[in-house]
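I opened this entry to look up the enclosed and open spaces in the structure and to note what lines them.

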Amino acid sequence: MKKANFTISILIFLANIYFIPFSFITLKNSGGAMGYGLLLVPFSLSINLLMISSGLTFKRKFNKSIGLLIINSVGLVWALFWLWLLLSTPKID
């Protein structure tokens, strides 16, 4: 279970390599020309907040926690869904 926690936590950190700049750029540009990009900010911020629970698994006290394993597993599925959706949808210019 310890290895599963570490693996899922590392994958969440890798997904956030995309979502942290995405959140920052979207907020900086005010969501684009008409502001519709701001609708995606709550989803990206929820994925950014998963770094807290995944960071806890690297502490000795929490690395065998079943609750964190469940939270991080559901969060990883959530992050991968949005990552797939954002990368596979063609951009309309």
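**Cavity and pocket notes**

I looked first for enclosed space in this predicted model, and with a threshold of 30 Å³ or more the count comes to one cavity. I noted its volume as about 30 Å³.

I then asked which residues line the largest cavity, and I found Phe19, Phe22, Leu40, Phe43, Ser44, Ile47, Trp82 and Leu86. Sorting that lining by class, I counted seven nonpolar residues and one polar residue, with no charged residue among them.

Next I traced the cavity lining back to the helices, and I saw that helix 1 (2-28), helix 2 (41-56) and helix 3 (66-88) each supply at least two of its residues. Helix 2 gives the largest share, which is three residues.

I turned after that to open space, where the largest pocket holds about 700 Å³. Its lining is made up of 21 residues, and I recorded Phe22, Gly37, Leu40, Leu86 and Lys91 as the closest to its centre. Of these names, I had already written down Phe22, Leu40 and Leu86 for the lining of the largest cavity.

Which helix supplies the largest share of the lining of the largest pocket? I found that helix 1 does, with four residues, and that helix 1 and helix 3 each supply at least two.

As a last step I divided the pocket lining by class, and I obtained twelve nonpolar, seven polar and two charged residues, whereas the lining of the largest cavity had no charged residues.

Conventions:
Residues numbered from 1 in each chain as written. Predicted model: local features only at pLDDT ≥ 70, side-chain atom pairs only at ≥ 80, totals over all residues. Heavy atoms only, no water. 1 Å grid on protein atoms, 1.4 Å probe; cavity = no way out; pocket = protein on both sides within 12 Å on 5 of 7 lines; lining within 4 Å. Points joined across faces, edges and corners; volume = space filled by probe spheres on them. Nonpolar A, V, L, I, M, F, W, Y, C, P; charged D, E, K, R; others polar.
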